[in-house]
Amino acid sequence: MKRDKVILITGANSGLGYEIAKWSAMMGATVILACRSESKTKEAVVKMNQEFQDEKSKRTSQLSENTTLALEFMHLDLVSFESVTNFCEAFKKSGRKLHVLFCNAGLGFIPYQKTADGMEMLLQVNYLSHFVIIAKLLEVMQQSGPDCRILLMSSVAHQWGTFDLKTINYSGPPDRFSSKNYYGRSKLYQIMQAAAMGRRISGSNVTINSIHPGVVDTPFWRDWDSGIRKCLLCCIKCWVAISSFEGAKCSIDLTVNPKHAGVNGLYWVDFKIVTPSSDARNKQKQEELWETTLELVRPYLTEEEMKRINLRN
């Protein structure tokens, strides 16, 4: 892989995103780390380069011949549509091509919070902000040559999510908020988005797929810090959870492996195409979600961006 292959990964300075970014760069790509914290990302870049040298000393196969990794920080805060818009405009002004857009960043089981944009936090960070990024950068990808890929980090937890568009943006009492349900909803929306958008871009140079990485020991669990949740977390980490690298293997494969060219609109688990929940694969519900999503993000997209992402081939 050459350095003119550009891969953009959200939340790339820790956990799964860190491993996807590191291995993509070690194979030769230029990787944009789209993150909130510049200092944390710079620390991650130093560590990635150190690990690159370690892998070279082991003579690990498929590594590039470059002496350092092509890693670049760009500021992105998914909590803010203004930040998302500024990020996308900065990327477009750079004149770069974009071959892989990996929507990896996300929040886990957090208490109810509303963003400054008036959205429930999990809805905006895990789903809507990434939807806006895709809509704004789709034109760049369509002009970047063959085999461009959009990847969404979903979860088997999509099965926990209720499909109820009337309550998509939670507005009830904070103490009645189910973080498990709304986290599951955000992951359900991603699988449904991949299917609905996959139909719209079918036959083009861009594909979209969603992935469940497994139960992974990452900073995702940082909010499980008290009471019975802390005890359960210890059990999960000891008996079930896999490392970030193990969890990222399927994602890395879908990011860089040429054999996946043209594969579109599917849900992946452990290198296999898997059938998601009945709600996730219901075409009518996918289209209802699509239309609701467009209305929610309409204020943050231009008319051209709205037309482009909604165009059926």
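## A small cavity, a pocket and the sheet between strands E3 and E8

The largest cavity in this model has a volume of about 40 Å³, and the structure that holds the cavity is a predicted one. By the rule applied here, the count comes to one cavity of 30 Å³ or more. Its lining is made by Arg 149, Leu 151, Thr 207, Asn 209, Leu 254, His 260 and Val 263, and strands E5 and E6 each supply at least two residues of that lining. By class, the lining of the largest cavity divides into three nonpolar, three polar and one charged residue.

The two strands named here belong to an open sheet of eight strands, arranged in the order E3-E2-E1-E4-E5-E6-E7-E8 with mixed pairing. Because E3 and E8 stand at the edges and have a single partner strand each, one side of each is left without a neighbour in the sheet.

Three of the pairings in this sheet can be set side by side, each with its residue ranges and one pair of opposed residues.

| Strand pair | Sense | Bridges | Opposed residues |
|---|---|---|---|
| E4 (100-103) and E5 | parallel | four | Val 100 and Arg 149 |
| E5 (148-153) and E6 | parallel | six | Leu 152 and Ser 210 |
| E6 and E7 (267-269) | parallel | three | Ser 210 and Tyr 267 |

Ser 210 of E6 thus appears in two of these rows, standing opposite Leu 152 and also opposite Tyr 267 in E7. Arg 149, the bridge partner of Val 100 in E5, is also among the residues that line the largest cavity.

How many of the residues of strand E6 are buried? Strand E6, which spans residues 206-212, is mostly covered, with seven of its seven residues buried. The cover extends to both faces of the strand: Val 206, Ile 208, Ser 210 and His 212 are buried on one side, and Thr 207, Asn 209 and Ile 211 are buried on the other. Of the residues on the second of these sides, Thr 207 and Asn 209 contribute to the lining of the largest cavity. The connection from E5 to E6 involves helix H5 (residues 179-201), and the three elements together make a right-handed β-α-β unit.

A separate space is the second largest pocket, which holds about 400 Å³. It is lined by 17 residues, of which Met 27, Gln 62, Ile 252, Val 256 and Asn 257 lie nearest its centre. Helix H7 (residues 244-256) gives the most to this lining, with five residues, and the lining as a whole has eight nonpolar, four polar and five charged residues.

Gln 62 also deserves attention for its backbone. Most residues other than glycine have a negative phi. In Gln 62, however, phi is near 70°, a positive value in a residue other than glycine. Gln 62 is found in the loop between helix H2 (38-57) and strand E3 (70-75), and because its relative accessibility is 64%, where exposed means over 50%, Gln 62 counts as exposed.

Phe 271 likewise has a phi near 70°, again a positive value in a residue other than glycine. Phe 271 is found in the loop between E7 and strand E8 (272-273). Where Gln 62 counts as exposed, Phe 271 has 42% relative accessibility and therefore counts as partly exposed.

How values were computed: Residues numbered from 1 in each chain as written. Predicted model: local features only at pLDDT ≥ 70, side-chain atom pairs only at ≥ 80, totals over all residues. Heavy atoms only, no water. Buried < 20%, exposed > 50% of the residue type's maximum accessible area, 1.4 Å probe, protein only. Pairing = 2+ DSSP bridges. Right-handed = clockwise from strand over helix to strand, strands pointing away. 1 Å grid on protein atoms, 1.4 Å probe; cavity = no way out; pocket = protein on both sides within 12 Å on 5 of 7 lines; lining within 4 Å. Points joined across faces, edges and corners; volume = space filled by probe spheres on them. Nonpolar A, V, L, I, M, F, W, Y, C, P; charged D, E, K, R; others polar.
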